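Me: Please go through the model shown below with me, one feature after another. I will ask, and each reply should end on the value or name that I asked for.

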Amino acid sequence: MRTPPVRRTAEANVNVADTTLYDHARNQLSALCRVAGFAPGEVPEALLAHLLGSVAAQRLSDKPRYLSDVADDGSPVEFSLAFDDSGEQAVRILGETYAENPGLASNAAAGLRVFRELARSLGCPLDRLEAVRDLFLPAEPEGLFSLWYSLILRPGGRPKLKVYLNPAARGEDRDRELVREGLRRLGLADAYETVEAHALRRGERDRFSFFALDLDESPLSRVKLYVSHDSATAADAEHAAAAVSSVDSLQVRRFCHAIGGTEGPFAGRPLVSSYSFVEADPGVPGNYSLYLPVRDYVPDDSVARERVLDHLRDSDLDHTKLDSALRAMSARPLDEGVGLIAHVSLRLGDFGTGMTVYLSSEAYEVTAPRGVTSGRAASQKPRGAA
Ligand code: TRP
């Protein structure tokens, strides 16, 4: 296996090769929550352990038994810090629950079990997930993942859960069919045409990448559709964004330029669009978000940091917390790797605007800066059984 590099915790430069994934992720989560203004004791550590499943006990020095597609190094968690234009921040974790014998189907079963256990304590209804479960979770799923969760945390608020399903679970060519049927079952049939007209204009280069559900009771509980755009330009993203009438397309172009460095085409990892729908208004998405995988468009994380900082400032968002958020993840010099800042997203529309920065846990590996070695080695490994 790869030799693990010397690990550095968020707290100190010590070799922590014996650390478990849970310890590593918990340290990062508590540090990030401090940055976002959580009171001590407000960090849901037990919830994190529960959601990790069997990978919680994985030692960072041991060969991982399964590589998740959540992050480039195969770690099953990715953090994010959402900057709202209200001045507040939310901390989120995207992750994959591992079964005792991790695999696409077994992890989905383990994830469902955890959701069912948590449904009551978190007060989250599972009826919408149940309504589409058989579509997206076949007995022999295909693709890079089958079920991911996201845990959303705000100071003083109850933790919220979101679930991600894979439109390619029955084959890459069936993504549109699965999404259309999923929407129909959720009373959102009209949403499909809206997305098709704005985001599926370039044949096979546009494909559905996630079908996501908020697991909560509120009338604003959303269904989110994500579309990946291979080799797209800022103009393609502007077109996609125009599905939300209140969106100013200039903001989309400025974002691509500021974070991606050009207006495209973005030929590395793809730009991704997402649309949020609520039942009350099925034909019209309330929000549009654009995700830019910045790590493919910078030489190293110090450049990514500069771009994010400048754009937070230019967008009148709170830029003062970015550096401490990066330090919450890792103490390594930013120019010694690429991908600590994995994606940056722009959120626009009636449900709130802002920017979100996605932070890798780098639990297993740091990707070398581009131009130093082969660069993308870690990200090109096949996913799944290690
Ligand atoms: N690691 C995958 C990717 O980069 C999936 C993923 C994780 C992702 N976080 C994301 C995709 C945020 C889009 C946006 O594609």
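Reply: Burial will come up throughout, and a residue counts as buried under 20% relative accessible area, as exposed over 50% and as partly exposed in between, with a 1.4 Å probe and protein chains only. Helices (H or I, at least four residues) and strands (E, at least two) are DSSP runs numbered from the N terminus. The model is predicted, with local features needing pLDDT of at least 70 and side-chain atom pairs pLDDT 80 or more, while totals for chains, interfaces and linings use all residues. Residues are numbered from 1 along each chain, and side-chain values rest on heavy atoms, without hydrogens or water.

Me: Which residues of α7 are buried?
Reply: Helix α7 spans residues 234-241, and six of its eight residues are buried, so the helix is largely enclosed by the rest of the structure. The elements covering those buried residues include α6 (189-199), β7, α8 (249-260), β8 (271-277) and β9. The buried residues themselves are A234, D236, A237, E238, A240 and A241.

Me: How many residues of strand β10 are buried?
Reply: Strand β10 covers residues 341-349, and it is largely enclosed by the rest of the structure. That description rests on the buried count, which is nine of the nine residues.

Me: Over how many bridges does β9 pair with β10, and in which sense?
Reply: Two strands are taken to pair if DSSP finds at least two bridges between them. One bridge joins Y288 to its partner in β10, L348. Strand β9 (residues 287-292) and β10 pair in the antiparallel sense, and the number of bridges is six.

Me: Which residue in the turn of the hairpin of β10 and β11 has a positive phi?
Reply: Strand β11 covers residues 354-360 and runs antiparallel to β10, to which six bridges join it. In one of these strand contacts, I341 has L359 of β11 as its bridge partner. The hairpin leaves four residues between the two strands, and the turn residue with a positive phi, of about 120 degrees, is G352.

Me: How far apart are the ring centres of Y164 and F210?
Reply: Rings of Phe, Tyr and Trp (its six-membered ring) pair if their centres lie within 6.5 Å, and planes under 30 degrees apart count as stacked, over 60 as edge-to-face and the rest as tilted. The structure holds 13 aromatic pairs. In this one the planes stand at 80 degrees and the pair is therefore edge-to-face, with a centre-to-centre distance of 5.7 Å.

Me: By how many residues are the parts that this pair of Y164 and F210 ties together separated in sequence?
Reply: Y164 and F210 are both buried. Y164 belongs to strand β5 (residues 160-165) and F210 to strand β6 (residues 206-214), so the pair ties together parts whose separation in sequence is 46 residues.

Me: What is the angle between the ring planes of F210 and Y226?
Reply: Both F210 and Y226 are buried. Y226 lies in strand β7 (residues 223-229), and its pair with F210 in β6 links distant parts of the chain, 16 residues apart. The pair is edge-to-face, with centres 5.3 Å apart and planes at 85 degrees.

Me: Which residues do ring pairs link into a cluster?
Reply: Y164, F210 and Y226 all belong to this cluster. The complete set is F145, W148, Y164, F210, Y226, Y291 and Y358.

Me: What lies 2.7 Å from a polar side-chain atom of E78?
Reply: The ligand is surrounded by D69, V70, E78, L94, W148, F210, Y291, R295 and H343, where a residue is near a molecule if one of its heavy atoms lies within 4 Å of it. A polar backbone atom of V70 is 3.0 Å from a nitrogen atom of the ligand, and a polar side-chain atom of R295 is 2.8 Å from a ligand oxygen atom. For E78, the partner at 2.7 Å is a nitrogen atom of the ligand.

Me: Which residues does G143 contact, leaving aside neighbours within four places in sequence?
Reply: G143 sits in the loop between α4 (127-136) and β4 (147-153), and at a relative accessible area of 46% it is partly exposed. With contact taken as heavy atoms within 4.5 Å, its partners are L104 and N166.

Me: What is the relative accessibility of N166?
Reply: N166 is found in the loop between β5 and α5 (175-185). Beyond four places in sequence, it touches F136, E142, G143, L144, F145, S146, L178 and S209. N166 counts as buried, with a relative accessibility of 5%.

Note on methods
Polar contact = N/O pair within 3.5 Å; in protein donor to acceptor, adjacent residues only side chain to side chain.
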